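Student: Could you show me how to read burial and strand pairing from a set of coordinates? I would like the general idea each time, and then the case at hand.

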Amino acid sequence: MKLADVSFRKFLLPALFLATCLHAEEFPKIYDSEPDTNAAPPSPQESLAQLKLPPGFTAAIFAAEPHVQNPISMSWDARGRLWIAENYTYSEGAIKFNMNLRDRILIFEDKDGDGHFDSRKIFSEEAQRLMSIEVGRGGVWALCPPQLLFYPDKNGDDVADSAAEVLLDGFVVPASSYHTVVNGLRWGPDGWLYGRCGASSPGEIGAPGSLPKNRVPIRGGIWRYHPSKKIFEVLATGTVNPWGYDWDKHGELFFINTVGGHLWHMISGGHFVRALSNDPNDHVYKLIEMHADHWHFDTGKSWRDSRDGAADSMGGGHAHAGAMIYQGDNWPEKFRNHLFTLNLHGRRVNEEILERSGSGYVAHHGTNDFLFGDNWFRGLDLSYGP
């Protein structure tokens, strides 16, 4: 596993790419683009050497094994430190989650600003099914389905003041599709804590002990939770697996999806196109199609046919994770306010150009200037640092 920052003209990490490398014996056999399982994965340095960037950009390894392993989520705190959720309990299909193991929350700090971590702390190593973390409002928030947890740390000493508090439960881990579970904690510009949920992971959400009639049903989509009023809301429903989102300069939310379309403008109360499941409202007249005007694979074929480089010319194929609308000023102006997302099977970053269209938005195909030559690469998330 390696975590690399990318900078333009030697400025400090405006973006982070969170990548995992599966060990050969663990790699799912269903993927056509799997690496040579007879070969060992490349070192972080060897992988970095295969990264192709636009002119003027440089990349450096921020943290790598053994200092970070199995990263699944990241967050920044008010001090500019990087928090990483390490997941060890997620396992192969027959086991799903190995409850004999524990997951960890780590804190990395770059004190001298050279793009490499100088300090590493373990905040917690007791969680299980840890899917996502967010930091703020006096502690650390963690999604460990079926629960949303809060670790209080009011004095900011990087040690939890007490055992984690269970704020919500009811986020189901389905037996048939356990990779679609709730994920993606992030603070919204409105002060609410946002999250995502796959359509095949239905749940009935409420505070512990809530009666069924007082629980809020979720059937995939985008949700939010008010940290002080303790209100849970489902904002939009649909798609398949929303695995990334970000807000633009106007506070509009855009999110990324896997198959069945890759980019949506989040419209509160929206019902979006979904696959293999029914919308919870039987009276919806028509589900909303994706807001991109292009696909990254040949829709005349199966989305599985876009793997192993078959869709390079179209943008790399299906399955996207992570989303970042770049609003910093270290990158060239042409990238500003564009959305970037990781293309898993295409091993690249897709650029989406967001444009107002009527009462909403449309996303146009941008460049593919960030290419990962390492065929072990599977990107999870990306963000620009403080």
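Tutor: Let us begin with a single residue in this predicted model: serine 43 has a relative accessibility of 26%, and because partly exposed covers values between 20% and 50%, serine 43 counts as partly exposed.

Student: Where does serine 43 lie in the chain?

Tutor: Serine 43 belongs to the loop between strand 2 (15–20) and helix 1 (44–49). Its C-alpha is 9.2 Å from that of glutamate 65, a residue 22 positions away in sequence.

Student: How should I read the two sides of a strand?

Tutor: In a regular strand, side chains alternate between the two faces of the sheet. For strand 23 (residues 339–343), five of the five residues are buried. Leu339, Thr341 and Asn343 are buried on one side, while Phe340 and Leu342 are buried on the other, so that both faces are covered.

Student: Which strands are joined to strand 23 by bridges, and how many bridges are there in each case?

Tutor: Strand 22 (residues 320–325) runs antiparallel to strand 23 and is joined to it by four bridges; within this pairing, leucine 342 is the bridge partner of alanine 321. Strand 24 (residues 348–357) is likewise antiparallel to strand 23, with five bridges between the two, and here arginine 348 is the bridge partner of asparagine 343.

Student: What do strand 23 and strand 24 form, and what is the phi of arginine 347?

Tutor: Strand 23 and strand 24 form a hairpin with four residues between them, and arginine 347, which sits in the turn, has a positive phi of about 50°.

Terms used
Residues numbered from 1 in each chain as written. Predicted model: local features only at pLDDT ≥ 70, side-chain atom pairs only at ≥ 80, totals over all residues. Heavy atoms only, no water. Buried < 20%, exposed > 50% of the residue type's maximum accessible area, 1.4 Å probe, protein only. Pairing = 2+ DSSP bridges.
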